[in-house]
Amino acid sequence: MIIPRAGVAGIADVAAHYDDLDDLYRSLWGTSLHHGYWLTGRESPDEAVANMTRCVAEQAAMKPGDKVCDLGCGYGAAAIMWQRDFGARVTGITISEKQYRYAKLAAAGNAGLDFVLGNALETDLPSASFAVVTAVESSEHMPDKAQFISEAHRLLLRGGRCVIAAWLTCERPNSWEAKYLLVPICREGRLPSMASAAEYRSMLVAAGFQAIQVSDLTRRVKKTWSVCARRLTARFLRDASFRRLLSDPRFTNRIFAKTVFRIWLAYQTGSMRFGLFTAHK
């Protein structure tokens with residue numbers, strides 16, 4: 001597992017990261033914050049993001065009336081789609097106050113959606129209360145991934161399904177990959193650590209999950225970062241206020257603009273992978 005020796009992010013750092021970069025994230029990728037999933041390669045970015053959200057629901061076998069807990073729900077875009085298209089009743093949890101306010105506003109009046117501002121490591125939600133637990137690109141930000149996976153197991157009904165979509169390291173990154181790509185990505189992106197597919201599988205087994213399946217989606221998702229890099233460059237060139245923001249030393253998360261290109265390179269070299277894990281309680 002890749003763990004930065006210094007500057008390891010805590011929960012407060014993750015919350016500040018998303019609150020500070022609220023405008024940047026939404027301008028680059030909208031309110032989903034998830035990778036796109038290109039099935040044909042011809043989809044628009046919005047269509048590719050919808051593919052990813054739908055893929056998670058299908059892997060979780062969501063059906064009308066299922067109670068779903070989305071750990072690290074961001075702006076609630078996936079939860080809204082699952083409620084609308086699959087008939088699920090979704091509770092989403094985010095650590096970011098800005099994301100929480102946005103999600104609550106978007107779900108206003110919808111009895112099938114509920115959003116909670118809180119720590120997904122310790123949700124205070126009742127045990128064995130959900131048919132499905134999802135974590136779509138949120139486990140990366142958890143300081144204790146094993147505890148996070150155990151919390152997902154606790155929340156599930158017997159026979160419930162867990163789906164985790166996660167940024168991964170390759171299985172045995174070399175020293176160059178770790179030093180120049182993976183460790184800086186963790187530090188700059190406020191990831192306390194980044195694990196491999198084998199490490200996730202081990203944590204799922206240790207938490208008591210069964211029937212674990214792992215899919216490598218890297219080839220179909222890495223285009224996400226080419227799109228983000230182009231959009232970031234275009235905004236930098238046309239938006240003077242954005243250039244001033246990125247040069248302001250008081251804006252502590254401005255380094256993430258550089259990290260976008262680092263992540264792109266990590267996918268191109270194979271240093272980073274993207275995995276989809278499905279497991280049953």
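**Exercise 1. A salt bridge within helix H5**

Start from the salt bridge that Arg101 forms with Glu97, and place it in its helix. The model is predicted.

Solution.
- Step 1. The closest N and O atoms of Arg101 and Glu97 are 3.2 Å apart. The cut-off for a salt bridge is 4 Å, so the pair qualifies.
- Step 2. Arg101 and Glu97 are four residues apart in helix H5, so about one helical turn separates them.
- Step 3. Arg101 has 47% relative accessibility and counts as partly exposed. Glu97 is partly exposed too, with a relative accessible area of 42%.

**Exercise 2. A salt bridge within helix H6**

Find which residue Arg154 pairs with, and decide whether each partner is buried or partly exposed.

Solution.
- Step 1. Arg154 forms a salt bridge with Glu151. Their closest N and O atoms are 2.7 Å apart.
- Step 2. Both lie in helix H6 (residues 145-155), three residues apart, and are separated by about one helical turn.
- Step 3. Arg154 has a relative accessible area of 27%, so the residue is partly exposed.
- Step 4. Glu151 has a relative accessible area of 9%. Buried means under 20%, so Glu151 is buried.

**Exercise 3. A salt bridge between strands**

Which parts of the chain does the salt bridge of Asp216 and Arg273 link?

Solution.
- Step 1. The side chains of Asp216 and Arg273 meet at 3.1 Å, N to O.
- Step 2. Asp216 is in strand E6 and Arg273 in strand E7. They are 57 residues apart, and the pair links distant parts of the chain.
- Step 3. Asp216 is partly exposed, with a relative accessible area of 49%. Arg273 counts as partly exposed at 28% relative accessibility.
- Step 4. Elsewhere, salt bridges that share partners join Lys63, Asp66 and Arg161 into one network.
- Step 5. The count comes to nine salt bridges.

**Exercise 4. Two aromatic pairs**

Classify the pairs Tyr75 with Tyr102 and Tyr200 with Phe277.

Solution.
- Step 1. The structure holds four aromatic pairs. In one of them, the rings of Tyr75 and Tyr102 have centres 5.2 Å apart and planes at 75°. The pair is therefore edge-to-face.
- Step 2. Tyr75 lies in the loop between E1 and helix H4 (77-86), and Tyr102 lies in helix H5 (residues 97-106). The two are 27 residues apart.
- Step 3. Tyr75 is buried, at 1% relative accessibility. Tyr102 is partly exposed, with a relative accessible area of 35%.
- Step 4. The rings of Tyr200 and Phe277 have centres 5.1 Å apart. Their planes are at 25°, so this pair is stacked.
- Step 5. Tyr200 belongs to helix H8 (residues 197-207) and Phe277 to strand E7 (residues 272-280), 77 residues apart.
- Step 6. Tyr200 counts as buried at 0% relative accessibility. Phe277 is buried as well, with a relative accessible area of 1%.

**Exercise 5. Charges over rings**

Over which rings do the charged ends of Lys67 and Arg235 sit?

Solution.
- Step 1. The charged end of Lys67 sits over the ring of Phe130, 5.3 Å from its centre.
- Step 2. For Arg235, the ring is that of Phe242, and the charged end is 4.4 Å from its centre.

**Exercise 6. Helix H3 and the loop after it**

Describe the span of helix H3. Then examine Ala61, which has a positive phi.

Solution.
- Step 1. H3 covers residues 45-59 and has 15 residues. Its first and last C-alpha lie 21 Å apart, close to the 21 Å expected.
- Step 2. Buried residues of H3 include Pro45, Val49, Met52 and Val56.
- Step 3. Ala61 follows H3 and is found in the loop between H3 and strand E1 (67-71). Its phi is about 50°, although Ala61 is not a glycine.
- Step 4. Ala61 counts as partly exposed, at 43% relative accessibility.
- Step 5. Ala211 also has a positive phi of about 50°. Ala211 sits in strand E6 (residues 210-216). Its relative accessible area is 52%, so Ala211 is exposed.

**Exercise 7. A nonpolar patch**

Which residues make the nonpolar surface patch of about 390 Å²?

Solution.
- Step 1. The patch is made by Trp176, Tyr180, Trp264 and Leu265.
- Step 2. Helix H7 (175-188) and helix H12 (256-269) each supply at least two residues.
- Step 3. Tyr180 is in helix H7. Tyr180 is partly exposed, with a relative accessible area of 40%.

How values were computed. Residues numbered from 1 in each chain as written. Predicted model: local features only at pLDDT ≥ 70, side-chain atom pairs only at ≥ 80, totals over all residues. Heavy atoms only, no water. Expected span 1.5 Å × (residues − 1). Buried < 20%, exposed > 50% of the residue type's maximum accessible area, 1.4 Å probe, protein only. Phe/Tyr/Trp six-rings, centres within 6.5 Å; stacked < 30°, edge-to-face > 60°. Lys NZ or Arg CZ within 6 Å of the ring centre and 35° of its normal. Patch = residues over 30% accessible without salt bridge, like charges linked within 9 Å, V, L, I, M, F, W, Y side chains within 5 Å. Areas by Shrake-Rupley, 256 points an atom, 1.4 Å probe, with all protein chains shown as cover.
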